[in-house]
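Colleague: Please give me a close look at the interior of this model, taking in its buried residues and the spaces among them. I should like one connected account that moves from single residues to cores, cavities and pockets.

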Amino acid sequence: MSRSGAGSLAAMAAGSGQRVMLRGPAVTDYLVGSLLFCARHPDDLAELAPRALGWYRHLCAHDIRLPLGVVLDLGYMLLSGDDFRFRDYFADRRLSRAEQVLREQYEQRVLLRRLQESAFARLSSLLRGQREQDEALALVLEILLRPIAARLSQRYEFDLGAVGDLDVQPRRLADRLALFESTVERPGVVLGQVEEVVRAAGLLDLDQRLADEDFYEIEHIRVFPRASLREVARGIKRAERVLGSLPRIDARGLRERALARTNLSSVGTYPVGGIAEISTRGPIENLVPSELLYLERGRELDLFSLRYAENELLRWLRDGAVLHLMRRTMVFYLDESDALLGPVTVGDAERGLRGVKLLRCVLGLVLSLVSDLVRVFAHDDVRFELRLVQPEGAAAALGAERREVAEVLRLLLADREAAGMATVTVDQGSLADLIAARRADTSRAVTIVGLAPREQLVGLDGLRLNHGQRLVMQPIRVGNEPATDGAIDFTLDPIASLRAARARLLGRMFA
């Protein structure tokens, strides 16, 4: 489009929420002209704009198009914090009073307020420590600016593919803005966009917009090389977040129940403390076992009683004389039926699970259980196996998605897997056949948890398990199945159903 031949654009732009396609010089005029309203000092813009354009390309790929000046200011504020260099206060004296007020509100509500939010310090620390800093920052800007971009009454479409380096000359910003507004025949339209950003600035609240899964993704953005992997991980971590953590008192009680119900063959008994923790004082229950050597039958002098009377028997200083170390393996078989690859259709899309695929929600439940069990067996030898089961007849078209799920799980559990505490495997066949084929492990207590649609759990009730194994089943309601007690149901309140399943599974594991 030429700068002079756009007479029809005024009519196209009329009405709230209408979009106008920009082409040619109008695109760069819009981008460069919007820098006129930057809070950043004009002398810095030529140096900072190329990097900000990289963030802007990411936003445009996700259909987020705002004035480039807003993206530049917010991005560098998140990176620089208190070191952000604002434009000269006295430069505003030539502006109208209304524009001065708007600029002050923009600086206060859009930029400075971010410094006062509790999440800012955590976010700033993550960004500064990132090797892929621009990629991480672009993701943060996407999360923050998406709802604001959707609210603009005047939005533009354009392709940045042909846009190279921007010619940013601080003294010509007003001229470039005037050229753009003349092209679209909308005087003051960019300032109007900035005003709408200010009115919607409450949506930029870091504490409200950034959840735990967002911080996890930002921190591990290097680990997830593809956006599709990050999307899978985001859904899993969101489900894990809404389930919360197990209270410490519950973890202690569950361990005591586990110890009381565990086979002696899978419990090791070890002395507590060392030479520095031995004393001749303390309860007799803390007696060092070697002191029993003084109990010899047939001798005239009872050395054990003598040492007891003279207070010479050695005792451990700690309250417990021995440490019981349980050896357990927790196995999760998760069915990957096609029906579980559809999304949750109820609840809140922003903070709930709406839009997250059922399989990822169930995996969030599994990771939540893994975290719970790590707390329960914090001082024991516990290992986890996550086995993804592709049932017979699964749709081949969904194979790539299933491979990504397995890849993400391995990334999420990479630290535990490296320490030999967790494995992720992919199996094919029926749950009954796979569980029946497990080898016995006499040295460890094994708990097997099967999570699958009810039809995939058929045949597990009468399954004969090896010694030391116990089986816990958790059905998942899919499709038009009738609602049943005890099944995970995503049709009404997914979060409540997952929380109930978590409590139910923990209870059955230690029953």
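Modeller: A residue is called buried when its relative accessible area is under 20%, exposed when the value is over 50%, and partly exposed in between. By that cut-off cysteine 361 is buried, because its relative accessibility is 0%. The model is a predicted one, and each value that follows is computed from it.

Cysteine 60 falls under the same heading: its relative accessible area is 9%, so it too is buried. A disulfide requires two cysteine sulfur atoms within 2.5 Å of each other, and the count of such pairs in this model is zero. Cysteine 60 accordingly takes part in no disulfide, and the nearest cysteine sulfur to its own, belonging to cysteine 38, lies 16 Å away. That distance exceeds the 2.5 Å cut-off, so the pair does not qualify.

Helix α15 shows burial at the level of a whole element. It covers residues 358–376, and 16 of its 19 residues are buried, so the rest of the structure largely encloses it. Its geometry can be checked as well. At 1.5 Å a residue, 19 residues should span 27 Å, and the end C-alpha atoms of α15 are 27 Å apart, so the expected and modelled spans agree.

The nonpolar side chains of the interior come next. As a general matter, nonpolar side chains in soluble globular proteins tend to be buried together. Here the largest nonpolar core comprises 75 residues, and Leu22, Leu31, Tyr56, Leu78 and Phe158 have the most contacts inside it. Helix α7, residues 133–151, is the greatest contributor to this core, giving 10 residues. One of the best-connected members, leucine 78, illustrates the packing. Beyond its neighbours within four places in sequence, leucine 78 is in contact with Phe120, Leu123, Ser124, Leu127, Leu137, Val140, Leu141, Leu144 and Leu206. Apart from this core stands a second, separate one of 61 residues, with Ile236, Val346, Leu358 and Leu412 among its members.

Valine 189 offers another view of local packing. This residue lies in helix α9, and it is buried because its relative accessible area is 7%. Once residues up to four places away in sequence are set aside, valine 189 touches Gln154, Tyr156, Phe180, Glu181 and Val184. Its C-alpha atom is 9.8 Å from that of leucine 177, a residue 12 places away in sequence.

The enclosed spaces can be described in turn. Two cavities reach 30 Å³ or more, and the largest has a volume of about 40 Å³. Phe37, Leu102, Arg103, Tyr106, Leu191 and Val194 form its lining. Helices α5 (97–115) and α9 (189–199) each supply at least two of the lining residues, and the largest share, three residues, comes from α5. Helix α9 thus appears here as well as in the account of valine 189.

The largest pocket, an open space rather than a sealed one, holds about 710 Å³. Of its 26 lining residues, Glu142, Arg146, Glu231, Arg234 and Arg238 are the closest to the centre. Helices α7, α11 (212–219) and α12 each supply at least two residues of the lining, and α12 gives the most, with six. Helix α7 is therefore a contributor to this pocket as well as to the largest nonpolar core.

Arginine 238 merits attention in its own right. Its place is in helix α12, residues 227–243, and at a relative accessible area of 12% it falls under the 20% cut-off and so counts as buried. Its contacts, excluding neighbours within four places in sequence, are Glu213, Ala349, Glu350, Gly352, Leu353, Arg354 and Val356.

Two loop residues may be set against these buried positions. Most residues other than glycine have a negative phi. Aspartate 63, however, has a positive phi of about 60 degrees without being a glycine. It sits in the loop between α3 (42–61) and α4 (68–80), and its relative accessibility of 38% makes it partly exposed. Asparagine 311, again not a glycine, likewise has a positive phi of about 60 degrees. This residue is found in the loop between α14 (303–309) and β5 (315–316), and its relative accessible area of 39% makes it partly exposed.

Methods: Residues numbered from 1 in each chain as written. Predicted model: local features only at pLDDT ≥ 70, side-chain atom pairs only at ≥ 80, totals over all residues. Heavy atoms only, no water. Helix = DSSP H or I, 4+ residues; strand = E, 2+ residues; numbered from the N terminus. Buried < 20%, exposed > 50% of the residue type's maximum accessible area, 1.4 Å probe, protein only. Contact = heavy atoms within 4.5 Å. Core = buried A, V, L, I, M, F, W, Y, C linked by side-chain atoms within 4.5 Å. Expected span 1.5 Å × (residues − 1). 1 Å grid on protein atoms, 1.4 Å probe; cavity = no way out; pocket = protein on both sides within 12 Å on 5 of 7 lines; lining within 4 Å. Points joined across faces, edges and corners; volume = space filled by probe spheres on them.
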